[in-house]
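Me: Got a minute to go through a structure with me? I'd like the basics before I set anything up.

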Amino acid sequence: MILPGSYANGFAPRDGRPLYPSLWKGCAGAWAPCLGPTGLTLRDWSGYGNHGTLTNMDAASDWVPSNGRYALDFDRTNDYVVVAPSSLFDFSGNASFSLSCWFCNRVATGIQTMLNRGTVGSSQRDFILYTAFISASAFRVEFQNSNGSVFPTIVTGNLNLDTWYHVAATKGPGGEAAIWINGTKQVTGTLTTLVSSLNTRSVVAGATFDLPGIQYHSGQLLDDVRIYNRVLSDNEIRLL
């Protein structure tokens, strides 16, 4: 049985007050398939109206049951969700931001993009957050850009197929960055981002388009995707 749009995870209160209020501070976008199918529009629950558009996807079959809720199913062929450019998404050189996502890898091969923002065909991106298959027992998780700054890679043998994981990536004003998996900080380093126009690049979930002639499409389930215009604390990431 699929639960109705449950807000127990903090998307809305039952008594008029937010659950975990700090998780809404600086939240520029919050996309939650778990709250139930909404056709070809993935609603933004942050209050800013940065809704996503399901592209090359089927509203009847790509909202799939998972653990008693819903998730978006990407087919690894041409599926993706695009969010129009917004001045709220500031990934310029000295900006602070955080990315958060629940993902479930269903294929043990290739690159599985969770979030990306780049210019189509230009080989320039502000960021990409993805997993990549290495061997039968190892995946890597990377958070990087295309400005000569590649974040340290996490190599892990603990990412099992058909299993849900939470990943978060943060970048501070000085380039200090980190990746968390399931609330535990895995790696830290430095990541500089491209100084891009705030209103020219879309955010894409489930695919990468910035490399000329190359498109990476995910074979993942995705849920509870969030973008913050600040660095989340360790405790806030654990709450997510």
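Reply: Sure, here is a quick tour of the model.

Me: What kind of model is this, and how are residues numbered?

Reply: The model is predicted, so local features need pLDDT of at least 70, side-chain atom pairs count only at pLDDT 80 or more, and totals for chains, interfaces and linings use all residues. Residues are numbered from 1 along each chain as its sequence is written, and side-chain values use heavy atoms, with hydrogens and water left out.

Me: How many helices and strands does the protein have?

Reply: There is 1 helix, alongside 18 strands. Those are DSSP runs numbered from the N terminus: H or I with at least four residues for helices, E with at least two for strands.

Me: Where's a hairpin I can look at?

Reply: Try β13 and β14, which have 2 residues between them. Strand β13 covers residues 176–181 and β14 covers 184–190, and they pair antiparallel over 6 bridges (pairing takes at least two DSSP bridges between two strands). Ile179 sits opposite Val187 in β14. In the turn, Asn182 has a positive phi of about 50°.

Me: Switching topic: how many disulfides?

Reply: The count is 0, where a disulfide is a pair of cysteine sulfur atoms within 2.5 Å.

Me: And Cys27 and Cys34, buried or exposed?

Reply: Cys27 is buried at 2% relative accessible area, and Cys34 is buried too, at 3%. Buried means under 20% relative accessible area, exposed over 50%, and partly exposed in between, with a 1.4 Å probe and protein chains only.

Me: How much of the protein is buried?

Reply: 51% of the 240 residues count as buried.

Me: What about Asn50, where is that one?

Reply: Asn50 is in the loop between β2 (41–42) and β3 (52–55). Asn50 is buried, since its relative accessible area is 11%.

Me: Which residues does Asn50 touch?

Reply: Leaving aside neighbours within four places in sequence, its contacts (heavy atoms within 4.5 Å) include Trp31, Asp44 and Phe89.

Me: How about contacts across the whole protein, what share is between residues 24 or more positions apart?

Reply: Counting contacts with a separation of 6 or more, 65% are between residues 24 or more positions apart.

Me: Last one: where does Arg140 sit?

Reply: Arg140 is in strand β10, residues 138–144, and is partly exposed at 26% relative accessible area. From Arg140 to Leu159 the C-alpha to C-alpha distance is 8.9 Å, with the two 19 residues apart in sequence.
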